[in-house]
Each structure stands twice: as C-alpha cells, then as structure tokens.
Amino acid sequence: MAEDVREALEIFRVRETKKDSFMARALASLYYQLKIIATYKMFLAIEFIDIILSVLIYYFVGFLVSPQALSSLGYSPDYLAFAVLGIGMSRYLWTSISRLAHKLSHEISEGTFESLVAIDVDNFRSWLIGQVIYGFTWSSMWFVGTILVGMALGAKISGDPILWFQAIFILLLTIAVHVGIGIIAAGMYIKHKQLETMLVFLSLVMEFFGGVLYPLSLLYNYRPLYYIAMLLPFTHGLEMFRRTLMNEWTILHPQMLLHLGFLLVFLPLIYLGFKIFERYLNLARKEGVLGTY
Amino acid sequence: MLGEYAIVSENLTKIFRSGKRKIVAVDHVSLKIKRGEFFGLLGPNGAGKTTFTKMLVTLLIPDEGEAWVDGFSILKEPIEVRKRVGWMMGETGGRALYWRLSGYDNLMFFAKLHNVPRDVAEQRIKVLLRFVELENDAHKLVMNYSTGMRVKLMLIRALLHNPDILILDEPTLGLDVESARKVRTFLRRLVDDLGKTILFTSHNMYEVEMLCDRIAIINRGRIIFIGTPREIREKVEEIKIVEIQLAENGNVLDDVLRRITSLSVVNEVLSKEILERNIIIRVSVTDHATAIPEIANALRGYNIESVHRALPTLEEAFLKLAGVKIFSMKPSGVGVGRYGRRR
C-alpha cells in the first residue's frame, strides 16, 4: 500500500501551468453532452420517427390548402415547402429557447449542477455556450432531416447555393437572438422551477404569432395580433428564411432589409441573457436552491 | 493576517427561510484553519457542517459574515476561491456525477473545466484510478458503479486540479474497510508531505481522532468547541469513566448490566460491546476510587480481565459538550471492537 500512496502523491508534486481557455471549456461541455445523448438510444430512434411523422402531417394537410390561396398571399404555391421550412426553423429556435432550461432542470434534479457551480470560473458562460452549440448541432440534424424528408415528398425548395448560404446566415442570426431568450428562460428556471408552464407558454406564442403553419399576412386583418407578431424576433427570422428559399429573395430586397433591421435590434438579448442568468444564479446561491434533494 | 491561514471565517451565518419559518443553519461561525492543517468539523446530522462548507466553496451566499479561502473573499472573489479549492460533496455525492458518462469521462470533463492540460489530466486520472482500484471499471458508465466506487470517483475529481485546499464532506462514507484505510493514509500524507490543507467533515469519531490536527465541534449551527482531539477529551475529564473488560460470552451481558446499574456509584452505561469472547462496558461513575472496587465486587464470579479508569472518547466528550449523540451510523472501515478504545 505504501508504494500506491507514494505513487499517488508523486503526481501532485509538479505544478502544471493552466491555460484559461473559454473555448476549451465550452467544447468540453458540448463534447460530453453529445456523449451523454448517445447513450439514450431509444430517444434517438424516436426523434428519427418524429421527423418523418411531423413532415407527413403537413404533406396531407397540404392537400386541403389551395395553391392559389398561398400564391395570393405572396408565396410560391407549395404548402408542403411552406410548412417544412416553418417547422424546420421553429424547431431550431425552439431548441435555442428550451434546450438550456431543460438541461438545467436535469442538472439540478440529478445533483450535478452544484458540482458545476463549485468549479465555475466564468459565470457559466462557457458552459452555456457549449450547451447552445450542442442544441444547434442537434437541431441541425433535425432540420436537415426535415428538409430532406420534405423534398422527398415533393416540397419545392430553392437549390441555389448562394441562397442557401443566405438562409444559413439568417438562421444563425435568428438563433443568436433566441439564445438570449433561452438563457433568460434557463435563469428563471433556476429560481422559479416552473419549467413546463413557462416553456408551453413560449412555444404557443412562437407558433401562433410567428406564422409557423400559416402566412403572417393572414394576421393582417386582425391588426392588434399582427402588431404583436411584428414585435417578436422569431416572426422576422422565419419570414426572411422562407422568402429566401421559397421566393428566392436576396437580403437586399427592401422587405428583407426591414426584417433584418428588426432582428438586429434584438441581438443584445444575448448579453442581457448572460447578465440575467448570473443574477438568478446568485439569487439561487442566496436562497440555497441550487440542488433539489 | 490571512497569509498564515488557508481558511478564515468571521461570523459566517446562513439562514434558510420557508414561508414564515426561519432556520438558522449556521450561526455566526468564526474559524481559522492554518495552512497545512488537517481540520475536522464534527457534528450530528443537521448541525450545519454541510451548509458551512457550501458557503466556503461559494455554493451558498451567507446572510451575514465573511470568509476567505486562500486569502480570497468568498463574497467578492468567488471565482478565485473556486480555482483553489477541491470540493467533495457528501451524502448525496453519487448524484454529483454524470451517471450516463463513464468514470473516466466524468473525470476528464471536470479536468477540462478546471483547465488542466490534457496530458497532465490523463496521467493523474490513470494513477488515481489505479490507486483507488477503479482502473478496470474506468470505462463503465457511472450508473453501473456501486456507492463506494462513486465515492472514490468523487474524491479523485476533487483532486484533479491539484488544489492546495481540500474541503471533503465525509470522504470515506460508503467505502469498504481496506479502501477507507487507504484513503485515510493518503489524505494524511497529502497534508504531511505536500502541505495541503484539508477541512474534513465526518460522523466518524475514529477517523477524526486519527487524522485531524484540530477539530471543531458544531451543533445547531454554532461552534461549541475548537481544539485538538486530546484537548477535547481533557476538557471533559470531569466525566469519570470506568471501563470494564470481561472474558465472557455475550449471553451474560444482561446479568452483568443488571449488577452494574444496581450500584449507586454508577451513573449510566455509556457503551457496551461484544467481541467474540469479550465484553467491554464503559460506564460513568460518581467517583473512581470507590466505583472501581465496588464494580469488581459486584461482578465476582465472572472472568474479569480489568476494571480501570478510562479517558472519555470523543463521542463521550461530544455528548457532554453538546448534549446529543454525534453519530448516527456505524463508521466505515472501523471494526466495532476498536471503537472507543483508542487512547
């Protein structure tokens, strides 16, 4: 035993030089989260089936929607393409918002959250960014799957690589804005622990006002609702995304520039999100609610 | 002033509120722990040990008071404090690991969060896993680990970034006898050979007596005593204890106790143990000089090995100081027979 102890002590005699690396911590948070999710094999299988079924629903709903009605609202007359892009993007953003709060609820109930707080050196920012990248990676797979299934069923989506490049830029910008909302939601969860109520509300707001399944211009006849919709960043992101891949509008189109302007106004939400998260974390440290036993 | 101390707390207070109810978990605790000291925090369940340590590792913000760890304020410089402390969570510790990651991945993940270079982390993990005999289970998911294996993993995790200060909440709870012994030896050597400071909470009196340079006894959130294990016993030397050792089977115990407790010089029976063909009984008495011959006389006919004056154990000292029993479980890695017999 003496030899064992001596060997174990020996490794602590030399002091290593630690390089503070924000990105290394964020990537560690991403990498090990991917490893964790890979152990949930049933979950992965259900997610795959989920992609196919959610597209199939709108494939059949598409038979009820007249192409002329969609055309008269300024879109190409393909409802399946309209719905596929809507649900693909809403899923993306939904992940940005709900992912962190769900992950935190899991960490708190499992007891690992306290361990993370005890070694946190950057007010959780690297961990949050790692989890955001994880959410992005995960929903990218979902998104690509949705588009591919939609195209296999006949959805007419632009194949122009430049427009796809523009669509990805719009997607990233919209996600960046919604990450801020997600971080605020996660912070609120630490303190209030009302995860499902909060997320169901946010999801309804997004689906109703964002125009996931119907064109936003339909709301124009109901002015107060239309104005509320215009105040939400999601509405602008989705509208730009669809116009790019369905109408082949470039970013320089006047309406696109207007939407872009709205989105950029919301960008500081990320910084605000970090600050609010920090505040909720400190409140939880004050009240002793970092763990639930 | 702070330089010579690894941990200093001044009037540290934590109050939990639930509606109108107020629970003072830690009540104006002031402590100074020197660098290179093995310090034990001892107290019954709910005494405030864990709350106190959670404030030191910045998981809880105190309602009053302040503390400094390695010279850094837990209120103003929590990030600096976290970099310098290795913390091992007690009781619910197994939950503080990712059950769907392997033991190795858990350690690697936390090493990266601590900014430990990959090669250094790999070397430490390899050696420490071998030390705690987990090298063959390193790549199994933690969900398949036993309680003892998880405790070992938690201990390694606290050490990975080579901190100068370790705050360990019941680090041997759940370990088998041999592993607990090995871990104790290692912890003591971390202090003696490498100059680390360890703040250690435990219910285990044997462990605390054996390991700690100084002990604080905490009860209902207040420190009721600070000193060496020996000083605690001396403080309560007015407890007059007689230890009786008989070379008899356990089946005579009831009669032996009946005879002893009938004597007016005996206040109460403090402990009774049966070890194969031996019985050891400790009683508190009014006066040693009269009690010892009277007890020997009352037990005539039995095979008496000795009836002698004894120093109080820490457990008995705690009982005297706090008025409550300190431990609620059998200590891990300690034979029943060794309990309360150390001098």
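Here is a short chat between a student and a tutor about this two-chain predicted model.

Student: Before we start, what kind of model is this, and how are residues and chains labelled?
Tutor: Residues are numbered from 1 along each chain as its sequence is written, while chains are lettered from A and ligands numbered from 1 in the order in which they are written. Local features need pLDDT of at least 70, side-chain atom pairs count only at pLDDT 80 or more, and totals for chains, interfaces and linings use all residues, since this is a predicted model.

Student: How many helices and strands does chain A have?
Tutor: Helices (H or I, at least four residues) and strands (E, at least two) are DSSP runs, numbered from the N terminus. Reading along the sequence of chain A, you meet the pattern α-α-α-α-α-α-α-α-α-α-α-α-α. So the secondary structure, in terms of those DSSP runs, comes to 13 helices and 0 strands.

Student: What share of chain A is buried?
Tutor: A residue is buried if 20 or more other C-beta atoms lie within 10 Å of its own, exposed if 12 or fewer, and partly exposed in between, with C-beta atoms placed from the backbone. The C-alpha atoms of chain A fill a box of roughly 85 × 40 × 35 Å along the principal axes. Of its 293 residues, the buried share is 40%.

Student: At what angle do α11 and α12 of chain A pack?
Tutor: Axes are lines fitted to C-alpha atoms, for helices over the stretch in contact, and angles run from 0 to 180 degrees between N-to-C directions. Helix α11(A) covers residues 233-247 and helix α12(A) covers residues 254-265, with their axes 9 Å apart. Their crossing is left-handed (the near helix is turned anticlockwise from the far one by less than a right angle; clockwise would be right-handed). The packing angle is about 145°.

Student: Which residue in the loop between α11 and α12 of chain A has a positive phi?
Tutor: The residue lies in the loop between α11 and α12 of chain A, and it is partly exposed, with 14 other C-beta atoms within 10 Å. Its phi is about 60° although it is not a glycine. That's A:Glu248.

Student: Which helix of chain A gives the largest share of the side that touches chain B?
Tutor: Two residues are in contact if their C-beta atoms, placed from the backbone, lie within 7 Å. The contact takes 37 residues from chain A and 40 residues from chain B. On chain A, α1 (2-10), α2 (22-38), α6 (112-118) and α13 (269-287) each supply at least two residues. The largest share, 6 residues, comes from α2(A).

Student: And how many charged residues are on that side of chain A?
Tutor: Ala, Val, Leu, Ile, Met, Phe, Trp, Tyr, Cys and Pro count as nonpolar, Asp, Glu, Lys and Arg as charged, and the others, Gly among them, as polar. The side of chain A that touches chain B has 16 nonpolar and 7 polar residues. Its charged residues number 14.

Student: Which strands stand at the edges of the sheet in chain B?
Tutor: Two strands pair if DSSP finds at least two bridges between them. The open sheet has 6 strands in the order β6-β7-β8-β3-β9-β10, with mixed pairing. Each edge strand has a single partner, so one side of each is left without a neighbour in the sheet. The edge strands are β6 (85-88) and β10 (222-227).

Student: Is β8 of chain B largely enclosed or left open?
Tutor: On one side sit B:Thr197, B:Leu199 and B:Thr201, on the other B:Ile198, B:Phe200 and B:Ser202, and all are buried. That makes 6 of the 6 residues buried, so β8(B) is largely enclosed by the rest of the structure.

Student: Which residue of β8(B) stands opposite B:Ile167?
Tutor: Strand β7(B), residues 165-169, runs parallel to β8(B), and 5 bridges join them. B:Phe39 also stands opposite the residue in question. It is B:Leu199.

Student: Which residue in the loop between β7 and α6 of chain B has a positive phi?
Tutor: The residue lies in the loop between β7 and α6 of chain B, and it is buried, with 21 other C-beta atoms within 10 Å. Its phi is about 50° although it is not a glycine. The name is B:Glu170.
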